[in-house]
Amino acid sequence: MNPLVLQSDFGLDDGAVSAMYGVAVGVDPALRIHDLTHNIPPYDIWEGSYRLAQVLTYWPEGTVFVSVVDPGVGSDRLSVVARTRTGHYVVTPDNGTLTHLEDIFGIAEVREIDETRNRRPGSEESYTFHGRDIYAFTGARLASGATTFADVGRSLDPAQLVRLPVTAPARRGDAVEGTIDTLDVRYGSLWTSIPRTLFRELGVERGDRVTVRVRHHDTVVHAAQVTYAHSFAAVEVGESLLYVNSLDRMAIAINRGHYARAFSLGTGASWHVTLVPVR
Amino acid sequence: MNPLVLQSDFGLDDGAVSAMYGVAVGVDPALRIHDLTHNIPPYDIWEGSYRLAQVLTYWPEGTVFVSVVDPGVGSDRLSVVARTRTGHYVVTPDNGTLTHLEDIFGIAEVREIDETRNRRPGSEESYTFHGRDIYAFTGARLASGATTFADVGRSLDPAQLVRLPVTAPARRGDAVEGTIDTLDVRYGSLWTSIPRTLFRELGVERGDRVTVRVRHHDTVVHAAQVTYAHSFAAVEVGESLLYVNSLDRMAIAINRGHYARAFSLGTGASWHVTLVPVR
Amino acid sequence: MNPLVLQSDFGLDDGAVSAMYGVAVGVDPALRIHDLTHNIPPYDIWEGSYRLAQVLTYWPEGTVFVSVVDPGVGSDRLSVVARTRTGHYVVTPDNGTLTHLEDIFGIAEVREIDETRNRRPGSEESYTFHGRDIYAFTGARLASGATTFADVGRSLDPAQLVRLPVTAPARRGDAVEGTIDTLDVRYGSLWTSIPRTLFRELGVERGDRVTVRVRHHDTVVHAAQVTYAHSFAAVEVGESLLYVNSLDRMAIAINRGHYARAFSLGTGASWHVTLVPVR
C-alpha cells in the first residue's frame with residue numbers, strides 16, 4: 001500500500017476533488033490519500049508540472065501522484081503513467097505535465113493507460129471528468145496494489161512525451177542565466193531555474209552583492225543589486241536578498257515584502273533572469 | 001468502519017473545521033475523515049444541498065456525510081440524520097439541505113437526533129456550534145459503529161422535511177426547460193437541472209446546434225446558439241458548447257472562457273433555462 | 001500513535017504543505033495527519049497563537065501540533081516543543097506562538113529541539129524551510145513514537161518563552177474589559193478575550209441589553225447597545241447580539257451581517273472592548 005497524492009486545477013469550492021477522493025476510497029478504503037494542491041490556476045500546465053517537481057522527493061519512493069490539469073479532456077491526448085528515476089509514479093494526461101520532473105529527476109518508463117481496463121465501471125458515458133473516472137481510479141488501483149505498473153497499458157518511449165518549452169539554465173562567462181519558474185505565492189519571492197550548484201561556480205560567498213537582471217522576452221525590465229544570504233533573517237526587514245530555496249535553486253526576495261509585486265515581474269518561459277557578481 | 005465526509009460554510013481560514021475533525025478523531029482515532037468542501041458561501045443552503053448531490057454516489061455505500069450550513073443554529077430547527085435510497089447517511093440541520101438528494105436519489109428514512117444521547121459530553125453550554133458539538137460527534141459515532149442509525153432518535157416522515165423551492169425540469173413540446181442550478185466555479189460553466197435522458201428525447205445529435213435561452217424571473221436575459229458536443233476539446237477555443245456534465249445533466253460553457261461572467265448570468269431557482277434544437 | 005495536526009501561514013496554493021505531509025508520511029506511513037489551518041496571514045504570529053487555543057482541547061490528549069509561522073527562520077530564534085497542562089504537544093519556533101495556550105491552558109514543560117538529532121537527513125544545506133526539515137519531521141517522530149518528548153532536547157524554563165503582548169481581561173466596577181482577539185472570518189463576528197465566567201459576574205440575563213464600547217489605542221471608535229442572546233436565531237436578521245462563542249468567550253455579531261466590516265473594527269492587542277449592562 002503506497003500513499004496516493006492528488007493535484008488539480010479544480011479548486012476546493014465545489015465537489016470535484018471530493019468525487020475523486022470518493023472514487024479512490026471506493027477502490028480501497030484503507031488507502032491514505034493526500035493533496036499536493038488543487039489551486040493550480042485553471043489550465044496552467046506549467047504550474048502543475050512545477051509543483052510536482054517541488055514536492056516529489058519529499059514523498060516516499062512508490063508514492064503515486066495523480067495530476068489533473070487537463071484542458072484537452074475529450075481530445076485524442078493520451079493518458080499516461082510515468083515512473084520517475086526516483087521511483088515515484090505520476091498519473092496524468094500527456095500534455096507537458098511531466099516536463100520539470102523529466103528535466104530534474106528523469107523519467108524511467110512511461111505507459112499509456114489502457115482505458116478498456118482502467119476506467120471506473122459505469123463511467124463510459126462521461127467525457128469531461130477523466131480526473132475522476134480514469135486518473136483517480138487508476139492511481140488508487142496502483143497505490144493500493146490492485147493493479148501493477150506493467151498492467152496499466154503498453155510501454156511508450158519517454159522521448160515522445162509532450163513537452164513544455166523550457167530553456168535550460170546555463171553559465172555565460174561571469175554570469176548564470178535561467179528563467180523565473182514560479183512564485184512563492186504567499187511571500188512574493190521569485191523562484192528561478194538556476195541550481196545552487198551552477199550559481200556556486202561563480203565563487204560568490206554569503207554576504208557578497210549580486211546584480212539581478214530580469215528580461216521579459218527581449219526587454220530588460222528590472223535590474224538591482226541584492227545580498228546573497230543564508231535566509232531572510234540575515235538581512236534587514238525591507239532589504240532584498242538572493243538565497244537558496246527549498247528546491248535547492250536560487251531565489252530572490254524582499255524580507256517581509258513581495259518582490260514580484262514590487263517590480264511587476266511575472267513567471268514562465270518568457271521571463272529570463274541573469275545573476276552577475278558585483279566585483 | 002465507514003468513511004466520514006464533512007461539508008460546511010466555515011471556510012478554511014480559522015479553526016472551526018479542525019475542531020470538528022478533533023471531535024471525530026476523539027470518537028475513534030481509526031476513523032477516515034475527508035472533506036466535501038468547506039467553501040459553501042455563508043448560509044447558502046441551496047449550494048450545500050447541490051454539492052451533496054454532486055458527490056454522493058462516488059462515495060461507497062455506508063459513507064456518512066456531515067453537512068453544516070446552519071443559519072438557524074440555536075432556533076427550534078430540528079437536527080436529523082437521513083438515509084438515502086443509495087445507502088448513504090447525511091447528518092444535517094433540517095433546513096432544506098436534503099432537497100437535491102431527495103429529488104435525485106430519494107430519501108429512504110429520516111431520524112431526529114436525540115440530543116440527550118448524541119451530543120459531545122461537556123458541550124451543554126454551547127449554543128452556536130452544533131457542527132462540532134452535535135453533527136461531527138454524531139457523524140463520527142455513526143461512521144465508526146459506536147452507535148447505530150436506529151439509535152440516533154425517533155423516526156420522522158421524510159415528507160415533513162424542510163424543502164427548498166425547486167422547479168422540476170420538464171419537456172415543453174420541442175424544448176426542455178430547467179434551472180441553472182450552480183456554476184462549475186473555476187471554469188464558469190452553467191450546470192442546469194436538465195438530465196441528459198430528458199434532453200435526448202429531443203433527438204439532438206452531437207454536432208447539432210441548440211438555442212439556449214435564459215430567463216431571470218420573467219425576463220429573457222440571454223439567448224444564443226451553441227454546439228452540442230462531447231467535450232470542450234470538440235469545439236474551438238472561445239466557442240460555446242452544450243455538453244453532458246459529470247452529474248449526467250446538461251451544461252453550457254465557453255471553451256477556455258467563463259460563460260456566466262461573459263453574459264452576467266446567475267444561479268438558483270429564479271434562473272430558468274430552455275434548450276431548443278435548431279432545425 | 002497520536003494524531004499529527006499541522007498549521008502554517010503557507011496557504012494551499014503551492015507545494016509547501018504537501019512537502020511537510022510527505023516528510024511526515026516518510027517518518028511513518030501509518031500516521032494520521034490533519035490540518036488546523038494553513039491560511040494564517042503571512043507572518044501573523046498572533047493569529048497562529050490564537051488558532052491553536054481555539055482548537056486545542058477538541059483534539060485528544062497526546063495530539064502533536066506543528067505550527068509554522070516563522071518570520072525568523074534562519075535567525076537564532078529557538079525551535080521548541082511544548083507540553084501543555086492539557087497533555088497536548090506543540091512543535092513551533094519560539095516566537096510568541098505559545099502565548100494564548102500559556103494564558104488559557106498553561107504550559108507544563110518546554111524543550112529546545114536539538115537539531116543535531118531532530119532534522120530530516122540530507123537537509124543540512126536548507127536554511128529557509130524548517131517547517132519541512134525540522135518541525136514536520138520532529139512532530140511526526142513524536143506523534144508516531146519514533147522519539148520521546150524527553151529526547152527532543154534540553155528542558156527550558158517556560159517563563160523564558162518569547163511572549164506576545166497581551167492584556168488580561170478584567171472586571172472594572174460594573175463593566176468587564178478585554179481585547180478583540182480575532183474575527184470569525186466568514187461571519188464577521190468579533191471574538192473578545194472576555195471569558196463567559198467573567199462576564200457572568202455582572203449578573204446579566206439572556207435578553208438583557210448591554211453597551212459595547214470599542215477603543216482603538218486610546219480613542220473610542222464604536223459604541224452600541226446589543227442584546228445578550230443564546231444564539232443568532234434569538235434575534236432578528238440584521239440585529240446585533242452579544243453571545244458566548246465556541247471558545248466560551250464573549251463575542252459580538254450582527255445576525256446574517258458582518259459586524260467588523262459594518263463598523264470598520266480590527267483585531268489585536270490595540271483593540272479594546274468594554275461591556276457594560278444597560279440598567
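Begin by selecting chain C and chain A together: in this predicted model the two bury about 2,700 Å² between them, 53% of it on carbon and sulfur atoms, where buried area is the accessible area (1.4 Å probe) that two parts lose on being put together, summed over both. Now colour Asp13(C), Asp14(C) and Tyr43(C), the residues of chain C that lose the most area to chain A, together 22% of what that side buries.

Before going further, note that residues are numbered from 1 along each chain as its sequence is written, and that chains are lettered from A, and ligands numbered from 1, in the order in which they are written. Local features need pLDDT of at least 70 and side-chain atom pairs count only at pLDDT 80 or more, whereas totals for chains, interfaces and linings use all residues; side-chain values use heavy atoms, with hydrogens and water left out.

**The contact of chain C with chain A**

Show the residues in contact (heavy atoms within 4.5 Å), and the selection will hold 36 residues from chain C and 30 residues from chain A. A search for salt bridges (a side-chain nitrogen of Lys or Arg within 4 Å of a carboxyl oxygen of Asp or Glu) gives a count of zero between chain C and chain A. Polar contacts, by comparison, join 14 residue pairs across this interface, both residues at pLDDT 80 or more; the term stands for a pair of N or O atoms within 3.5 Å, where within protein one must be able to donate a hydrogen and the other to accept it, and residues adjacent in sequence count only if both atoms are side-chain atoms.

Next select helix H1 (residues 16-27) of chain C, which with eight residues gives the most to the side of chain C that touches chain A; helices (H or I, at least four residues) and strands (E, at least two) are DSSP runs, numbered from the N terminus. That side of chain C divides into 18 nonpolar, 11 polar and seven charged residues, with Ala, Val, Leu, Ile, Met, Phe, Trp, Tyr, Cys and Pro counted as nonpolar, Asp, Glu, Lys and Arg as charged, and the others, Gly among them, as polar.

**The axis**

Superpose chain C on chain A, which takes a rotation of 120° with 0.0 Å of shift along its axis and leaves an RMSD of 0.0 Å; the fit is by least squares on the C-alpha atoms of residues with pLDDT of at least 70 in both. The two copies are thus related as by a three-fold rotation axis. To find the axis from chain C, go to Arg32(C), whose C-alpha, at 5.1 Å, comes closest to it among the residues of that chain. Only 8% of the interface residues of chain C are also interface residues in chain A, so the copies meet through different surfaces.

**The contact of chain A with chain B**

Moving on to chain A and chain B, select the 36 residues from chain A and 29 residues from chain B that make up the contact. Asp13(A), Asp14(A) and Tyr43(A) supply 22% of the area that chain A buries against chain B, more than any other three residues.

**The sheet of chain A**

Finally, show chain A alone as a cartoon, where seven strands form an open sheet of mixed pairing in the order E2-E1-E3-E5-E4-E6-E7, two strands being paired if DSSP finds at least two bridges between them. At its edges lie strand E2 (33-35) and strand E7 (155-156), each of which pairs on one side only. Within the sheet, strand E3 (residues 64-68) and strand E5 (residues 89-93) of chain A run parallel and are joined by three bridges, and Phe65(A) has Val90(A) as its bridge partner in E5(A).
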